[in-house]
Amino acid sequence: MKKEHWALLSLGINIVQSFAKFIAGTLTGSLSMLGESMHSLSDSFASLVAYFTLRFSDRKFRSFPYGLYKLENIGSVVIAIFLLLASYEIFHRAIQRKVILKDEYLGVGLGVIIFSLLSSLSLSFLERRAGKKLKSPVLIADSYHTLTDAFGSSLVFMSLLSQYMGYALDRYFAIGVAMLIAYTGIGILRKEVSVLLDISADERTLERIRSVILSFDDVKQIKNLFVRTSGGKLFADITLVIEGRDFAKIHATIDRIEESLRKEFPELEFIFIHYEPVEYEKVKMGVLLDERGYVNEGFGNAYKLLVFKDGGSAELIDDIPKDEESLARLLTEENISIVISGHHPESAQAKWILSEGKSFVWETEEKNPYKAFSEVVFNLQKSR
């Protein structure tokens, strides 16, 4: 089943449990049973929130190009708040109200609570297994929510059983239910708020990522490794030091590293790898690209600018000006020392702007931007 289907199943079971517990609690007069009815009702709202969260969290929009994955974490926070509210209400009733149970309806109460206990345990186990398989924090949070319902049902069961044996302990079991629910809610809240604040992935995941990267002989150092989690997805920002001066080869190595990481970690949604070649003089260069991503034949009418900086790390700039003068101003503002293109600009004004900004145009016949960049680097180092 899909993630949202599990949320709908949880919603249906929780509604049935809430209604049955409310009837049984009213008949028996059990405060712990009525508290569990409220708990199951909060579970229903939580499952509804989980459904809408899962339904829309994978969608991507122009304003949200990385998707709405954090909706799952926000949904988990809402579930935690429902838990805390339910806990407070149960505790408040336990210390404020006199509890008198009706013995003639104890059999009904026991039947309802046994059904609730078994159904909650089954749903919690299956939903948590599905949440781990589907990498969904909402399903995992909802499974723990359902598990607290099972524990709460066990406390109600003991309360009714003690009443059957002649001991009036319902008030104290109701307080136990409240404390159990609060403990679970605080745990979920603490975890999900950390994710919303972009906490790093766990050390085991980071170590696995390091192992994959360092399995490539050309990688000499991992300078930075930032990996965060969001909605069951991983987002990585990595800076590597790579041996070699052939930037086309280095770029191919980066592609292989990314491919290996995605194979090892299917949940990796976004990987951005910066790279710094060993023994390379840091000169900021820009390559003008046409609509196909090749080196632009002329200086004007380029579609994109590929900027190499910090020893070779690449950054793509979209929507660059089409006229030569405006493009020249952009290049000087970006402090581009060497501009790689098929030809020099035809505009005298553009040439003057580049000269004033100390930007040099390097003409090339090479179409691959990385090979063109390597060509420039090779000639610069050869001329030392």
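This section describes the fold, surface and salt bridges of a predicted model.

The protein has 384 residues, and buried residues make up 48% of them. Its secondary structure comes to 11 helices and eight strands. Contacts were considered at a sequence separation of 6 or more. Of these, 66% join residues that lie 24 or more positions apart. The exposed area of the protein is about 19,600 Å². Carbon and sulfur atoms supply 58% of that area.

Helix 4 covers residues 106–134 and holds 29 residues. At 1.5 Å a residue, helix 4 should span 42 Å. The C-alpha atoms at its ends are 41 Å apart, which agrees with the expected span. Lys 135 follows just after helix 4. The phi angle of Lys 135 is positive, at about 55°.

A nonpolar patch lies on the surface. It is formed by Leu 161, Tyr 164, Met 165, Tyr 167, Leu 169 and Tyr 172. Together these residues have about 710 Å² of accessible area. Leu 169, one of the patch residues, is found in the loop between helix 5 (137–164) and helix 6 (170–196). The relative accessible area of Leu 169 is 33%. Leu 169 is therefore partly exposed, since this value falls between the limits of 20% for buried and 50% for exposed residues.

Another loop connects helix 8 (247–264) with strand 3 (268–277), and Pro 266 is found there. Pro 266 counts as exposed because its relative accessibility is 65%, over the 50% limit. Lys 233 is 33 residues from Pro 266 in sequence. In space, the C-alpha atoms of Pro 266 and Lys 233 are 8.8 Å apart.

Side chains of opposite charge can pair when their charged atoms come close. The structure holds eight salt bridges. One of them joins the side chains of Glu 258 and Arg 262, with an N to O distance of 3.4 Å. Both residues lie in helix 8. Glu 258 and Arg 262 are four residues apart, about one turn of the helix. Glu 258 is partly exposed, with a relative accessible area of 24%. Arg 262 also counts as partly exposed, at 33% relative accessibility.

The side chains of Asp 290 and Arg 292 meet in another salt bridge, again at 3.4 Å from N to O. Here a buried residue pairs with an exposed one. Asp 290 has a relative accessible area of 9%, under the 20% limit, and so is buried. Arg 292 reaches 58% relative accessibility, over the 50% limit, and therefore counts as exposed.

A further salt bridge links Asp 318 to Lys 304, with 3.6 Å between the closest N and O atoms. Asp 318 lies in the loop between strand 6 (313–317) and helix 9 (324–333), whereas Lys 304 belongs to strand 5 (residues 304–309). The pair therefore ties together parts that are 14 residues apart in sequence. Asp 318 is partly exposed, at a relative accessible area of 41%. Lys 304 counts as partly exposed as well, at 33% relative accessibility. Salt bridges with shared partners also occur: Glu 203, Glu 207 and Arg 210 are joined into one network.

Note on methods:
Residues numbered from 1 in each chain as written. Predicted model: local features only at pLDDT ≥ 70, side-chain atom pairs only at ≥ 80, totals over all residues. Heavy atoms only, no water. Helix = DSSP H or I, 4+ residues; strand = E, 2+ residues; numbered from the N terminus. Expected span 1.5 Å × (residues − 1). Patch = residues over 30% accessible without salt bridge, like charges linked within 9 Å, V, L, I, M, F, W, Y side chains within 5 Å. Areas by Shrake-Rupley, 256 points an atom, 1.4 Å probe, with all protein chains shown as cover. Salt bridge = Lys/Arg side-chain N within 4 Å of Asp/Glu carboxyl O. Buried < 20%, exposed > 50% of the residue type's maximum accessible area, 1.4 Å probe, protein only. Contact = heavy atoms within 4.5 Å.
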